[in-house]
Amino acid sequence: MGYVCFAVCCYRSVAELAMWESVTIEGQTYTIRAVTHRYQLRKGEAQHERHENQILKSENEKLRAENNRYKEALGNATCPNCGGPAALGEMSFDEQHLRIENARLREEIDRISGIAAKYVGKPLSSLSHLSPHLSSRSLDLGGFGNLGTQSSGYVGEMYGSGDLLRSVSGPSEADKPMIIELAVAAMEELMRMAQAGEPLWSTPSENSSDHQSLNEDEYLRTFPRGIGPKPLGLKSEASRESAVVIMNHINLVEILMDVNQWSSVFCGIVSRAMTLEVLSTGVAGNYNGALQVMSAEFQVPSPLVPTRENYFVRYCKQHPDGTWAVVDVSMENLRTTPISKCRRRPSGCLIQELPNGYSKVIWVEHVEVDDRSVHNLYKPLVNSGLAFGAKRWVATLDRQCERLASSMASNIPAGDLCVITSPEGRKSMLKLAERMVTSFCTGVGASSAHAWTTLSATGSDDVRVMTRKSMDDPGRPPGIVLSAATSFWIPVPPNRVFDFLRDENSRNEWDILSNGGLVQEMAHIANGRDPGNCVSLLRVNSANSNQSNMLVLQESCSDSTGSYVIYAPVDIVAMNMVLGGGDPDYVALLPSGFAILPDGPGLSGGGILEVGSGGSLLTVAFQILVDSVPTAKLSLGSVATVNSLIKCTVERIKSAVMCENA
């Protein structure tokens, strides 16, 4: 069995000098061809020639080193069954590594030689597009200097600066056989993990709301290889949850395999995601056999919980019994990067078709993560598995399926004057609200795409800010936008906090913008069985005038793992267009709102989590246009005003909710 590394470069006249070396390993001869080229080039091209030759020489040296390493590994190998010397035929895993590594080196040398042939004589700067790089854009903050005690960060630019995920490139050709093998093994593991009972999964007691927990010792016995042992410093999080959702299996598979739909449906969990390469689109016109390499960032809606970044392959398969399965598994081991702070063992879901367009979903989440930088306020929630676990994924999916079903409903009773019955108006308003919610969720977490600055050091009530320039975006007003957020604990159950914040009758108790005026609901779209899940259009009447001077679009949503109340001031003319079925993409929005999470695991009778001390973790976040000129400098006064606004809002909420709960 021979492996040959070669390079071909066609440019003018080429003189080639080849040397052959033979390496014998356990009776097998490996032949290596080292090739160098001598180009007859002009004087100005000499430096480029030396650069290319050095790359080729380096690649051949890597190949020799790899062959020597595998020779030593084969020579020292032992049989896992008897402990004796292993025959060469038993070392298929090492052979596969050798074969893949040689193929990768061959491909790399061919690519470099092809580049040399195509671009020789051109400046090296013209090749810069061939390798991905990070561009760091900084915002001119002018007099925005040291604002109090700063955390590990700066006033970063939202949606761009320091975007780590976008620096990840797709896999090489040599990696693809390993990726396929990894995906197939992950699919097998997911199927067994989703369907197994004890002792692999411990079943909670009948009256307990805890999720099923994984027996790690049993897992290691059942799946001894997987993606390798758990790295030092990481801890395991594993959970499983099932539910029946109001969506057919084909649409569910499409949502999971389309990165845009997936990140939109799970916008509260997936802060950013992208497909790096599609290795297979599936067969027979569907996603059966689809395979794609992805990167994603997962979040909790608070700047106090670091996001989790993953580089993984997603594989979809339809099994003989008709069940569909979609599995993710990390590929960090294929990259020469520092050990990740989070990696996904086989995670995903099984989807079983049920009558009447329903589906049964069994979801498994299994990650290894370093969560030591989580703020103490959120550690009980994260440690319980409810922050990133299967229960949150399934609850979000169930709620979003209800939302989609309600948007498609056609038999809307016209008894309530506030209910929008026009199908076009409902669709446009729901689409606008969906964009509002996605924008809020993207800007409220601790994404690596931006950094927060702490404005004050007052313990858990620190206000954190970041800025961005808004230019040429019809969905946002132009200018400098300041986003401010703070998270704190309040000793009131989450369902009561949610009901208080979503109720238009109590809005003037905390909303400074309403200025004590009367707030009326003008339009209403139900989003599910829970009356708290709805989209509303509110009119705010100033206390000093009988005229309507403000409209507010609001979406409130709640499931068994948390709640949101998100709103944005909207233009009256624009909303009339939306209610008439017009395109909502050109309505400018700057969303603000609240994310309400439990302070620990458990369930109340009403379905909202509220145990531990019976309190809530509340995140308050504002997005405010502080200057309509995108090139303007951010002033210290603008920051101080926003800081004061959010702190005043927090104090009003605490006072009103505590008084109501007393």
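Q: Are arginine 272 and glutamate 297 buried or exposed?
A: In this predicted model, arginine 272 forms a salt bridge with glutamate 297, and their closest N and O atoms are 2.9 Å apart. Arginine 272 belongs to strand β6 (residues 270–280) and glutamate 297 to strand β7 (residues 291–298), so the pair ties together parts that are 25 residues apart in sequence. As for their surroundings, both arginine 272 and glutamate 297 are buried.

Q: How many salt bridges does the structure hold?
A: Side chains of opposite charge can pair when their charged atoms come close. The pair of arginine 272 and glutamate 297 is one salt bridge, and aspartate 370 with arginine 372 is another. The structure holds, in total, 20 salt bridges.

Q: Which parts of the chain does the salt bridge between lysine 431 and aspartate 585 tie together, and how many residues apart are they in sequence?
A: The side chains of lysine 431 and aspartate 585 meet in a salt bridge with an N to O distance of 3.6 Å. Lysine 431 lies in helix α9 (residues 423–444), while aspartate 585 lies in the loop between α11 (572–579) and β20 (592–598), so the bridge ties together parts whose separation in sequence is 154 residues.

Q: What is the relative accessible area of aspartate 585?
A: Lysine 431, its salt-bridge partner, is partly exposed, with a relative accessible area of 40%. Aspartate 585 is likewise partly exposed, and its relative accessible area is 32%.

Q: Which residues are joined into one network by salt bridges that share partners?
A: Here the salt bridges share partners, and through this sharing the residues are joined into one network. The members of that network are Arg314, Asp328, Arg344 and Glu365.

Q: Is aspartate 370 buried or exposed?
A: Aspartate 370 is found in the loop between β12 and α7 (379–383). Its relative accessible area is 19%, and because the cut-off for a buried residue is under 20%, aspartate 370 counts as buried.

Q: Which residue forms a salt bridge with aspartate 370, and is that residue buried or exposed?
A: A polar contact of 2.8 Å joins the side chain of aspartate 370 to that of arginine 372, and the two also form a salt bridge, with their closest N and O atoms 2.8 Å apart. Whereas aspartate 370 is buried, the partner has a relative accessible area of 61% and is exposed; it is arginine 372.

Q: Which residues is aspartate 370 in contact with, leaving aside its neighbours within four places in sequence?
A: Leaving those neighbours aside removes arginine 372 from consideration, although its side chain is joined to that of aspartate 370 by a polar contact. The contacts of aspartate 370 that remain are with Gly233, Leu234 and Lys341.

Q: How many of the 18 residues of α8 are buried?
A: Helix α8 (residues 390–407) reaches 26 Å from its first C-alpha to its last, which is close to the 26 Å expected at 1.5 Å a residue. The helix is largely enclosed by the rest of the structure, because the number of its 18 residues that are buried is 14.

Q: Which residues make the nonpolar surface patch of about 240 Å²?
A: One member of the patch, isoleucine 246, is found in the loop between β5 (235–245) and α5 (249–257). Isoleucine 246 is partly exposed, with a relative accessible area of 32%. The nonpolar patch is made by Val244, Ile246 and Tyr358.

Q: What separates the C-alpha atoms of glutamine 352 and asparagine 248?
A: Glutamine 352 has its place in strand β11 and, at 25% relative accessibility, counts as partly exposed. Not counting residues up to four places away in sequence, glutamine 352 touches Thr323, Tyr358, Ser359, Lys360 and Ile362. Although glutamine 352 and asparagine 248 are 104 residues apart along the chain, the separation of their C-alpha atoms is 9.0 Å.

Q: Which residue is joined to proline 199 by a cis peptide bond?
A: Proline 199 has its place in the loop between α3 (176–195) and β3 (201–202). The cis peptide bond has an omega of about 5°, and the residue it joins to proline 199 is glutamate 198.

Q: What is phi of asparagine 356 near?
A: Asparagine 356 lies in the loop between β11 (347–353) and β12 (359–369), and at 75% relative accessibility it counts as exposed. Its phi is positive, in a residue other than glycine, and is near 65°.

Conventions. Residues numbered from 1 in each chain as written. Predicted model: local features only at pLDDT ≥ 70, side-chain atom pairs only at ≥ 80, totals over all residues. Heavy atoms only, no water. Patch = residues over 30% accessible without salt bridge, like charges linked within 9 Å, V, L, I, M, F, W, Y side chains within 5 Å. Areas by Shrake-Rupley, 256 points an atom, 1.4 Å probe, with all protein chains shown as cover. Salt bridge = Lys/Arg side-chain N within 4 Å of Asp/Glu carboxyl O. Helix = DSSP H or I, 4+ residues; strand = E, 2+ residues; numbered from the N terminus. Buried < 20%, exposed > 50% of the residue type's maximum accessible area, 1.4 Å probe, protein only. Expected span 1.5 Å × (residues − 1). Polar contact = N/O pair within 3.5 Å; in protein donor to acceptor, adjacent residues only side chain to side chain. Contact = heavy atoms within 4.5 Å.
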